[in-house]
Every structure is written in C-alpha cells, then in structure tokens.
2 protein chains.
Amino acid sequence: MIIDNRGAACSVSDIARQAGIGKGSIYYYFKSREEILDALVTRTYGTMIDSCAAVIAGSSLPAVKKMALLFQSYYASIVNNSVDRYLHERQNAAIHQKSLAMILTALAPVEAEIIEQGNQEKVFDCSFPEEFSVIILAEFCFVFDAGIFDWTTQQMLKKLQALIEFLERSLPAPAGSFNFLLTFFES
Amino acid sequence: MIIDNRGAACSVSDIARQAGIGKGSIYYYFKSREEILDALVTRTYGTMIDSCAAVIAGSSLPAVKKMALLFQSYYASIVNNSVDRYLHERQNAAIHQKSLAMILTALAPVEAEIIEQGNQEKVFDCSFPEEFSVIILAEFCFVFDAGIFDWTTQQMLKKLQALIEFLERSLPAPAGSFNFLLTFFES
C-alpha cells in the first residue's frame, strides 16, 4: 500500500520506502509527488470501473435490477477506497477533478447499455441512454461528493428521493424501481 | 480590472500596480496570490448570482418563460466573465471547484422558486423543486464545464436534447417548453 492509513500526506521518500525502491528510482518514473498520486488515482479508479463493468457484463438480470447492481458495485468499491480522502485535500483538487470526470465518462456507457436493455425489455423508453446516464452520474460524481458539498443527512435524503422521482418519470420506470437508492443511505 | 487580458497569470506586483496600491499593502489584506484570486472569484460570481436573482425577482413572466430568462441571464454573465479561464488552470482547481459549488448552491433556490411558481400555475407538478434544480444545475456547473470535460459539438447537442426530454418528462412540462436551451448552443 503506497498511501499510509493515518490520513497524513506521504513524502516521496515514504512512498519509495514502502514500495521497496530507492527515492532516485521513483523519480526515474515520476516527476513529482503529484504525478505519483495522479498515477495511483488513475489506477485505483480504473480498476474500480473495470470491476463494475465486469460485474454488469457477467449479469443476466433484467435492466432495473442490473441498475441496482451497478450502484451497489460502485458504492462497494468507493467505500473500500483509501485514495478518496487525499483527493479532498486542497492541493490535490486538480487530480480530484480529473478522477470525477474519469468515473463519469467511463461509467456512462456501462449505464447506457443497461438503459438500452430496459428499452428493449419495454420497461424504459429513453431516447438518449448515454446522455441520460451522464445526468444521473453527475449527481453521484459531483453533487454527492463529500469533498465538494457538505449536505446534511436530511438534504441528502431529499436529493435521493428527488432522483427517484426524476428516474421514474423520465426513463420512465415503474414506481418503486429505484427505491434501492435509499438503502445505500440508510446503511 | 485586476486580471490582465492576455491570458497570462498576473504576479501580485502586477495586481498591486493595477489596483494603484503598494505590494506590501495587498499583503495586509491577502496572504497569497491564491487568496486574491479566491476573493476575486467569490466577488465575481457573487455579483453574477445576485444579478440573476434580481432579474428573476423583478419578472412577472410565467414559470416556463422565467426559466428561460434565468438561463439567459446566467449565460450572459459567464460570457462576459474574465475569471473563467484562470479557473481552468491546474493550480487553481481548488478555487474552481469552490466556485462551481457556490454557483450551484446559490442558484438552486432561485430556480426552485420558479418551479414552485410553475406548480402553482399547474404547468409543472414537481415534488422536490430545490433538489430537482440541483440535478439541472449539476449539468450546467459540472458536465458542461469546458475546464472539466471536452465534449464535441455533437455530444453537447445530444446532452442538451437529453436535458430537454428529461425536463419535459419529469417536471413534467408541455413539449417544447425547454427548446430555448438549444438556442444558446447555436449562437
């Protein structure tokens, strides 16, 4: 593990020691501490996205249940993710922003495929699956990011209820299809 | 004007000279160049938000037309805004992020009031005006931000068409109510 568990910023020497290589060797690959964090974040989120995509690709569930599975996989990976708190440090804002754009851009086609499946199953009737996915993901990647906004529990709950109303009406989907979103919040 | 027009980063000395005060005096008020930019961005967007809110408060238009007016006022102010390109520089990412959160948080209640008016006029039937406004504003403040994403013209056009479908279905609103969004893009 390259990043320590104490929430403190690591020096390049710390990173080199934990990776078991000389500080000089690290600088052979990376120009700065920021470049190391950037590579680590890209790899961490890349793995997370690949894993979510694989779970969905391997599933034969109907669209509504597959959507729940996607959000479950996504939340399971961010909970176990140790880079997040570094991204919320002010000096790492550029890398944070890049990671949010990366997650949104990579998950949008995965979600779009689920919406297209729902269109074929005649439960949804969405004309813009990919663009619609971006609208949903902007909530998760930007509005619900604890490093950018500081919503109260009550505000978050209302945001999820609004998202459910929005999904049911505009996909459209049977009432209750997205109530699973509230369970993430309760746990 | 504190920021120059050449797209180059100003030194604190440049800023002091343009403001007609000594460099030492500037440091009496601000600790760093970043703190000056932060204050400038807060003031610029604060003025922009106040101006949008005043335009809406002074209007007696029906809700759908008032929504168009809000987006027109918003776009008119960001086009004339000289701080934007500084916010897209990597080292200013933290201030950029703060400014996006500030715009979203401040414009959400303005837009929510328009949605509530639409509910009263019986053209909309939205259970979560404020949260719904946040979903819309996340598109404008995050997804459409040219410093975060680099969409092609075709991708942007489809995103606006998807947003129109989403608004018409989920507010819900009469077909064509939000076609004005396409005109910003054409101009």
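User: What should the 25 residues of helix α3 (residues 33-57) of chain A span at 1.5 Å a residue, and how far apart are its end C-alpha atoms?
Analyst: The expected span is 36 Å, and the end C-alpha atoms are 36 Å apart, which agrees. The expected span is 1.5 Å times one less than the number of residues. Helices here are DSSP runs (H or I, at least four residues), numbered from the N terminus.

User: What kind of model is it, and how is it numbered?
Analyst: It is a predicted model: local features need pLDDT of at least 70, side-chain atom pairs count only at pLDDT 80 or more, and totals for chains, interfaces and linings use all residues. Residues are numbered from 1 along each chain as its sequence is written, chains are lettered from A and ligands numbered from 1 in the order in which they are written, and side-chain values use heavy atoms, with hydrogens and water left out.

User: Which residues in α3(A) are buried?
Analyst: Among them are Ile36(A), Leu37(A), Asp38(A), Leu40(A) and Val41(A). Buried means under 20% relative accessible area, exposed over 50%, partly exposed in between (1.4 Å probe, protein chains only).

User: What does Lys98(A) form a salt bridge with?
Analyst: Its partner is Asp38(A), with the closest N and O atoms 2.8 Å apart. A salt bridge is a side-chain nitrogen of Lys or Arg within 4 Å of a carboxyl oxygen of Asp or Glu. Asp38(A) is buried at 13% relative accessible area. Lys98(A) is partly exposed at 42%.

User: Which network of salt bridges includes that pair?
Analyst: Glu34(A), Asp38(A), Lys98(A) and Arg90(B) are linked in one.

User: And what about Arg90(A) and Glu34(B)?
Analyst: Their side chains meet in a salt bridge, 2.9 Å from N to O. Arg90(A) lies in the loop between α5 (84-87) and α6 of chain A and Glu34(B) in helix α3 of chain B, so the pair joins two chains.

User: How many salt bridges over all chains?
Analyst: The count comes to 12.

User: Switching topic. How does chain B lie on chain A?
Analyst: A turn of 180 degrees and a shift of 0.0 Å along the axis lay chain B on chain A with an RMSD of 0.0 Å. The two copies are thus related as by a two-fold rotation axis. Superposition is by least squares on the C-alpha atoms of residues with pLDDT of at least 70 in both.

User: Last one. Is Leu163(A) buried or exposed?
Analyst: Buried, with a relative accessible area of 0%. Leu163(A) lies in helix α8 (residues 153-170) of chain A. Leu163(A) touches residues including Phe140(A) and Ile135(B). Contact means heavy atoms within 4.5 Å.

How values were computed
Lists of a residue's contacts leave out its neighbours within four places in sequence.
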